[in-house]
Amino acid sequence: MLHNFYKVMLCAWLVGGSSASAEQLQADKLLATINASLDVIYAEGTSGVSDQEKQSQVRQKVEANYDLDVIIRRAIGRNWQLMDDGERTQVLELVKQLVLKAYVNGLKGKTRPEVTLGKLVVITDKRMEIESTVVLDGKTYYVLYRLGRVSSGWQIYDIVAENVSVVSNYREQLDDHFRRGNAAELIARLQEILEKEDIDEDTKI
Amino acid sequence: MKIQKFNPITWLAALASLICASALSAQVTNLTEDESFFYEDVSPANDVFDPLEAINRYTFQFNDFVYLKVFDPLVAGYTAITPDPVERGASNFFQNLRYPVRLAGNLLQGRLKGAWVETGRFAINSTVGLAGILRPADTMEAFAPIKPEDVGQALASWGIGEGPYLVLPLLGPSNLRDLGGLVGDRAVNPLKEPYSVISHWNWEWQLALTGTELIARSPSMMEQYKSFKGTAIDPYSSMRNGYTQFRRGAVEE
């Protein structure tokens, strides 16, 4: 009887232990991806590298570990059904370029941010959240990574910076867009944002 | 008892509804697990009450023009001629002066620990930190920076709803509750009317101080504004959602 009890305890410990280390593995993978992306921007000898080249290298680092389609599909939501296959492919690609451009441009001229992962919260066997702090130019920001297990494995499905969810923000913009416009107009708008050098080019009252 | 007469039109309509409903249900159940996940509702911040959207959009466009065409060149000039430590010091100085607003925000919500930390920070930064230019309190564990509280957050903690979303001329995104909070913030701010301690100064000096505060606090705000606008598909929607999420998060904390 006691022998069986010990066996059960051993199994529970092994299963629990392996699950905990699987979760820790996700945290390690996340931190490694963030650091690899920052290395591209801040490594010595990158001052001569063009922004586009940096964006491309960051993309390679991120896509080696995560499928960016997941977070973009979450942002698009049901608007996905309002696009044909060609438009979907184009929108996915343009949004990826937009995110990478924002990331590389956003860090331009700044010292390398210090990223520290905090508490890992397992919500269900398919959802977890990893807290982090980012110290950038002396200021501390709180960033939460939401990870979900989908058919392609554990993927980032939302990033919440200082209480603002990136997915919720883009979902609202896209919902508003599709209430008034269509996929072709969205593609044109994304291309316009990507091509713009200065954001105040079209500012007028 | 009256027996209802068979009506073929009603019957056909019912049959059609049944077919539509089952087709719809089949469509929904045919979604893969991934698709269901992608289509989930994401946040209640996506249904902000915005009955004044037409006016708000116009005000947003006006503010955008002023920020980028008038304000941004001024801020760029200021950052170009001001060494970084001076820029940081000026920003810290004005941040320190807003202590009464943060204190009131904490006290009105019964956050005594927050009020204590803010008071300690103010005392340390105002003395050791040379009138708030430096922030030595940041290095002390007991007085490390905490999230700033304001009167708008206090109103929310009393159960007052957000009210309609508003875009205020020059000040930017807000809502009716936060507009009330803004009035409260001014009332406890020693540099602002109606209880200003500098009200006996000449208007030129008052204007100079207000202008300096605005410029000193602006470089980081302008940077954030430009970075948000540069990646927005619909900048108005993005700002409305971002502001609402940010404020709701601040209230919940």
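A crossing of two helices is called left-handed if the near helix is turned anticlockwise from the far one by less than a right angle, and right-handed if clockwise. Keep that in mind for chain B of this predicted model, where helix 4 passes helix 9 in a left-handed crossing. The axes of helix 4 (residues 84-97) and helix 9 of chain B come within 9 Å and cross at roughly 115 degrees. On the helix 4 side of chain B, the contact is made by Glu87(B), Ala90(B), Ser91(B) and Phe94(B). Helix 9 of chain B answers with Glu213(B), Ala216(B), Arg217(B) and Pro219(B). Sort the residues of this contact by type and you get 4 nonpolar, 1 polar and 3 charged.

Staying in chain B, have a look at its hairpin. Strand 1 (residues 165-168) and strand 2 (residues 172-175) of chain B run antiparallel and are joined by 4 bridges. One of the pairings puts Tyr165(B) opposite its bridge partner Asn175(B). There are 3 residues between the two strands of the hairpin, and Leu170(B), which sits in the turn, has a positive phi of about 70 degrees.

Now over to chain A, which has 6 helices and 5 strands. Walk along chain A from the N terminus and the elements come as α-α-α-α-β-β-β-β-β-α-α. Of its 205 residues, 24% count as buried. Among contacts in chain A with a separation of 6 or more, 54% come from residues 24 or more positions apart.

Helix 4 (residues 85-106) of chain A is a nice one to check with a ruler. The expected span is 1.5 Å times one less than the number of residues, so the 22 residues of this helix should cover 32 Å, and the end C-alpha atoms are indeed 32 Å apart. The buried residues in helix 4 of chain A are Val91(A), Val95(A), Leu98(A), Val99(A), Leu100(A) and Val104(A). As for spacing along a helix in general, there are 3.6 residues a turn in an α-helix, so residues three or four places apart point the same way.

Next comes the sheet. The 5 strands of chain A form an open sheet in the order 1-2-3-4-5, with antiparallel pairing. Its edges are strand 1 (114-124) and strand 5 (164-165) of chain A, each of which pairs on one side only. Strand 1 of chain A is joined by 8 bridges to strand 2 (residues 127-136) of chain A, and the two run antiparallel. For instance, Val115(A) has Val134(A) in strand 2 of chain A as its bridge partner.

Val135(A) also has its place in strand 2 of chain A. Is Val135(A) buried or exposed? Neither, quite: burial takes 20 or more other C-beta atoms within 10 Å and exposure 12 or fewer, so Val135(A), with 14, is partly exposed. Leaving aside neighbours within four places in sequence, Val135(A) is in contact with Pro113(A), Glu114(A) and Thr140(A). Leu92(A) is 43 residues away from Val135(A) along the chain, and their C-alpha atoms are separated by 30 Å.

Finally, how do the two chains meet? Here 30 residues of chain B are in contact with 32 residues of chain A. On the chain B side, the elements giving two or more residues are helix 2 (33-39), helix 3 (53-81), helix 9 (203-230) and helix 10 (235-252). Helix 10 of chain B gives the most, with 8 residues. By type, the residues on this side of chain B divide into 12 nonpolar, 12 polar and 6 charged.

Technical notes: Residues numbered from 1 in each chain as written. Chains lettered and ligands numbered in written order. Predicted model: local features only at pLDDT ≥ 70, side-chain atom pairs only at ≥ 80, totals over all residues. Pairing = 2+ DSSP bridges. Contact = placed C-beta atoms within 7 Å. Nonpolar A, V, L, I, M, F, W, Y, C, P; charged D, E, K, R; others polar. Axes fitted to C-alpha atoms, helices over the stretch in contact; angles between N-to-C directions.
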